[in-house]
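Welcome, and please load the model in your viewer. We will walk through it one selection at a time, from the whole chain down to single residues.

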Amino acid sequence: MKKLLFVLLLVLMPAAAFAAETPDRDILLTPTGTLYTVEGEWAAHHPEVATASTRYLVLTTRTGDTVTRTLVPDSSVTAGVHTNPALAYDRVSETLFVFWKHSSNGRVSNLMVASMTADGRWSDAKAFSNVSSVWRSNLRIGLTRKSFFRDSENNEYAFPEINIHVAWWEDRGGDEELARYAMLTIENGAISNTAEYDLEQFADFAKPATDRNDDDEEAMNTEILRHPAIFESADHATVDIVFGDTKEKNFNRVTLRPFKPYVESRVRIPLGVKGQTFGAPRFRTEASDSQIGAIGGSGDNMVLFFKTAAAVKYLAYLGEKSGWSDIRSIPIDATGNADAAIEALRRMVTSE
């Protein structure tokens, strides 16, 4: 285990001071009230920090009136650029998991995970994707707290278990690019099983899209298809994953749940429960590197959004009959900051 590289105790700052306008950030609140924030920092902006990397990750922990800022150890001692962080938490073992992307040359990137125990001890970071020499981007995670198995009479049962579901986009060079997925099983605060797949293999039962329009294809920026999204179910039994197909110009949405092939097995596999295919909206983001977020609602409802300097822009999908809305805007000065605008979108889509 590695010692923390540095710790700063700060007086509690106003919440507005932590309202980030960057996608390179994630926030997690534990059931005990501890608030974790992880975000990227450029080494050039902090010459006082000793680091081997160009961009590293900082974890901020807020408990009561105390704020602690800690370097994610492997992100500072491993040369390269560390970005796209995401957080997950095992409340049984009180273990925090940090996921991120690491690139050393701008052409190949690895997906990393490290964990921190309640007393601040870090594990060594490990790469969890087993495909080499590819470029990965747009990492997303979700969590389930139940797994399933069937007995000898084909009766199905659920049992408590933590599984972390990870989706990302993978560019293998040439025309080969697709959404990928991994499911990581957590036992006693450690990863005990990893299963990895191309997400498209779960979409073979999805129906063809009905709202595709080739006449306006030039109006579409296919970048929107390269940002998978994960929506957790309210009962923590399944996750829905929405991912794009750049060849068909469509989205797929699949529901996955963890499954044990037989009772004594330690292996876990994701089981596809249902799915659908629907056309992608025809619109362009204002920059090629815009980070596209997603919010899931009841049924098939969802919102895609991205931030500009002055507004949060979004499109809503309200089912097959309604299809996609036109692009709309929420001025940031009308809500105070982008986080408040995104929360307004969340309330809108979950109330449909």
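A contact here means heavy atoms within 4.5 Å. With that cut-off, 53% of the contacts between residues at least 6 apart in sequence join residues at least 24 apart. Please keep in mind that this is a predicted model.

**Whole chain.** Start with a cartoon view, where you will find 2 helices and 21 strands. Now switch on a surface: its accessible area comes to about 16,700 Å², and carbon and sulfur atoms account for 49% of that. Of the 352 residues, 52% are buried.

**Stop 1: residues 55-63.** This selection is strand E4, and 8 of its 9 residues are buried. Add residues 35-42, which form strand E3; E3 and E4 run antiparallel and are joined by 8 bridges. To see one pairing across them, pick Leu35, which stands opposite Arg62 in E4.

Next, add residues 66-71. That is strand E5, also joined to E4 in the antiparallel sense, by 6 bridges. Label Leu59 and look across to its bridge partner in E5, Thr70. What links E4 and E5? The two form a hairpin with 2 residues between them, and Gly64 in the turn has a positive phi of about 60 degrees.

**Stop 2: the largest nonpolar core.** Show the side chains of Phe99, Phe128, Ile164 and Val166, which touch the most other members of this 17-residue core. Strands E6 (81-90), E7 (95-103), E8 (109-116), E10 (135-150), E11 (156-171) and E12 (177-187) each supply at least two of its residues. E11 gives the largest share, with 4 residues.

Now centre on Phe99 and display its surroundings. Leaving aside residues up to four places away in sequence, Phe99 touches a set of residues including Pro85, Met112, Phe128, Leu139, Ile164, Val166 and Leu184.

**Stop 3: the open sheet.** Move on to four strands in the order E18-E19-E20-E21, with antiparallel pairing. Which strands stand at the edges? They are E18 (293-296) and E21 (328-331); each has a single partner strand, so one side of each is left without a neighbour in the sheet. On average, neighbouring strands here are turned by 30 degrees against each other, direction ignored.

Zoom in on E18 and on E19 (residues 302-307), an antiparallel pair with 4 bridges. Here Ala294 stands opposite Leu304 in E19.

Finally, select residues 338-350. This is helix H2, which packs on the sheet and touches E18, E19, E20 (311-317) and E21. Its direction makes about 170 degrees with that of E19.

Conventions: Residues are numbered from 1 along each chain as its sequence is written. This is a predicted model: local features need pLDDT of at least 70, side-chain atom pairs count only at pLDDT 80 or more; totals for chains, interfaces and linings use all residues. Side-chain values use heavy atoms; hydrogens and water are left out. Buried means under 20% relative accessible area, exposed over 50%, partly exposed in between (1.4 Å probe, protein chains only). Accessible areas come from the Shrake-Rupley method with a 1.4 Å probe; for residues, only the protein chains shown count as cover. Two strands pair if DSSP finds at least two bridges between them. A nonpolar core is a set of buried Ala, Val, Leu, Ile, Met, Phe, Trp, Tyr and Cys residues joined through side-chain atoms within 4.5 Å. Axes are lines fitted to C-alpha atoms, for helices over the stretch in contact, and angles run from 0 to 180 degrees between N-to-C directions.
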